Amino acid sequence: LTINPGKGEEGLLSKGKDIKQDNFNFVDNIVQWIPKNIIESMSETNMLQVIVFALFIGITMVFLGDRVKRIRGFVHEASDLMINFAEIIIKFAPYGILALVANVVGTMGTDMIMEIIQYVICAFLGFLIILIVVYPLLLFFIAKVNPIDFYKKVSPAMLIAFSTTSSSATLPSSMEVADKGLRIPESVYGFTLPLGATINMNGLASTLGVISVFAANLYNTPITFTTIIQTAFLGVALALGCAGVKGADIITASLLLSTLGLPLTLVPIIAAVSPIVDMGNTVVNITGDLVGTKIVHNTNKEKTQTEVSS
């Protein structure tokens, strides 16, 4: 809100149309997560309802165990199929992004480019705040370790995350760092890191907040305290359902805009700078996985030592 990306081109994407957002009610929003008809939810691309339905199915499959092993195998194979399918499409993304950038420059002028640069700067400032302030405080006060020493040990995984922009692709490196660098037993990191690579998307949640402000300005919609609470809440919820692969941030941004009742005109602009922003996203995400793993290990170790001494 201090940098306020998009403020210089306020209302640019609304083109004189008055875009009204629905009034946000926390309880009603939660209730709307529960699907009445899953086919209808999928046809309307209501991803929050689809995610909740998928969670219920997943929990039920865990209880049923081997009785649904064929369904479980089908789900795993379908997941691998869709992820690889998305990766093939993403290989062609640079050509599309080039066309999108050319279109933005040609139709919106250089002023819009400056606003996009502000959006990128704002996103990276958010990443720095998490890496320099939030994580060190958690490490120092909860895990009770030296943050500088921690960052030295996890830096190999951070570099791989920066280059691959994929939490899933960085997972083997994160596990090696946890094992050899942080000296954490496999019984801990074997659970926390795969889980974190799937649902712990701190960087993306931060970026979604920036996107919300950027979109609100370009669509000329007011940013109120209620909007901020709604955005923070949706940012965490949508980040939970995001896959740890390249380009997933674009899909999640689309879901955010749809949920906020805003048009998807901004998506091509977000896609154009996604390769840059996603580098920071992934670094913050996998570092958060390792921070959480270290906290779980140290707090449980301290608890065990206290119980033994008692």
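The following paragraphs describe helix packing, burial and selected backbone features in a predicted model.

The packing of the helices may be taken up in sequence order, beginning with helix α6, which comprises residues 147-164. Helix α6 and α7 pack with their axes 8 Å apart and at an angle of about 175°, and the two helices are therefore roughly antiparallel to each other, given that angles over 145 degrees are counted in this way. On the side of α6, the contact is made by K153, V154, P156, A157, I160, A161 and T164, and these residues meet A169, T170, S173, S174, V177 and G181 of α7. By class, the residues of this contact divide into seven nonpolar, five polar and one charged.

Helix α7, which covers residues 167-181, also packs against helix α8, which covers residues 186-199. The axes of this pair come within 10 Å and cross at roughly 155°, so that α7 and α8 are likewise described as roughly antiparallel to each other, and α7 passes α8 in a right-handed crossing. In α7 the residues involved are S167, L171, S174, M175, A178 and D179, and their counterparts in α8 are Y189, G190, L193, P194 and A197. The residues of the contact of α7 with α8 comprise seven nonpolar, three polar and one charged. S174 of α7 takes part in the contact with α6 and also in the contact with α8.

The loop between α6 and α7 contains T165, a residue other than glycine whose phi is nevertheless positive, near 50°. T165 has a relative accessible area of 9% and is therefore buried, the cut-off for this class being under 20%. A positive phi, of about 60°, is also found at K144, which is not a glycine either. K144 is placed in the loop between α5 (93-143) and α6, and with a relative accessible area of 54% this residue is exposed, because the exposed class begins over 50%.

Helix α9 spans residues 202-218, and at 1.5 Å a residue its 17 residues should span 24 Å, which agrees with the 25 Å that separates its end C-alpha atoms. Of the 17 residues of α9, 13 are buried, so the helix is largely enclosed by the rest of the structure. One residue of α9 is F214, which counts as buried at a relative accessibility of 0%. Leaving aside residues up to four places away in sequence, F214 touches P5, G6, M112, E115, I116, Y119, L266 and I269. F214 and L1 lie 213 residues apart in sequence, whereas their C-alpha atoms are 9.5 Å apart in space. After α9 comes N220, whose phi is positive, near 60°.

The segment before α1 (26-31) includes E9, a residue that is buried, with a relative accessible area of 15%. When residues up to four places away in sequence are not counted, E9 touches D111, M112, E115, N217 and L218. M112 and E115 are thus among the residues touched by E9, and they are also among those touched by F214.

Further along the chain, helix α10 (residues 225-240) packs with helix α11 (residues 248-259) at an angle of about 140°, their axes being 11 Å apart. The passage of α10 across α11 is a right-handed crossing. Residues Q230, L234 and L238 of α10 meet T252, L255, L256 and T259 of α11, and by class this contact has four nonpolar, three polar and no charged residues. Q230, which is placed in helix α10, is buried, with a relative accessible area of 8%. Although Q230 and N29 are separated by 201 residues in sequence, the distance between them in space is 9.2 Å, C-alpha to C-alpha.

For α11, a span of 16 Å is expected from its twelve residues at 1.5 Å a residue, and the distance of 17 Å between its end C-alpha atoms agrees with this. The buried residues of α11 are A248, D249, T252, A253, S254, L255, L256 and L257; of these, T252, L255 and L256 are also part of the contact with α10. The helix is followed by G261, for which phi is positive, near 80°.

How values were computed. Residues numbered from 1 in each chain as written. Predicted model: local features only at pLDDT ≥ 70, side-chain atom pairs only at ≥ 80, totals over all residues. Heavy atoms only, no water. Helix = DSSP H or I, 4+ residues; strand = E, 2+ residues; numbered from the N terminus. Buried < 20%, exposed > 50% of the residue type's maximum accessible area, 1.4 Å probe, protein only. Contact = heavy atoms within 4.5 Å. Axes fitted to C-alpha atoms, helices over the stretch in contact; angles between N-to-C directions. Parallel < 35°, antiparallel > 145°, perpendicular 65-115°, else oblique. Left-handed = near helix turned anticlockwise from the far one by under 90°. Nonpolar A, V, L, I, M, F, W, Y, C, P; charged D, E, K, R; others polar. Expected span 1.5 Å × (residues − 1).
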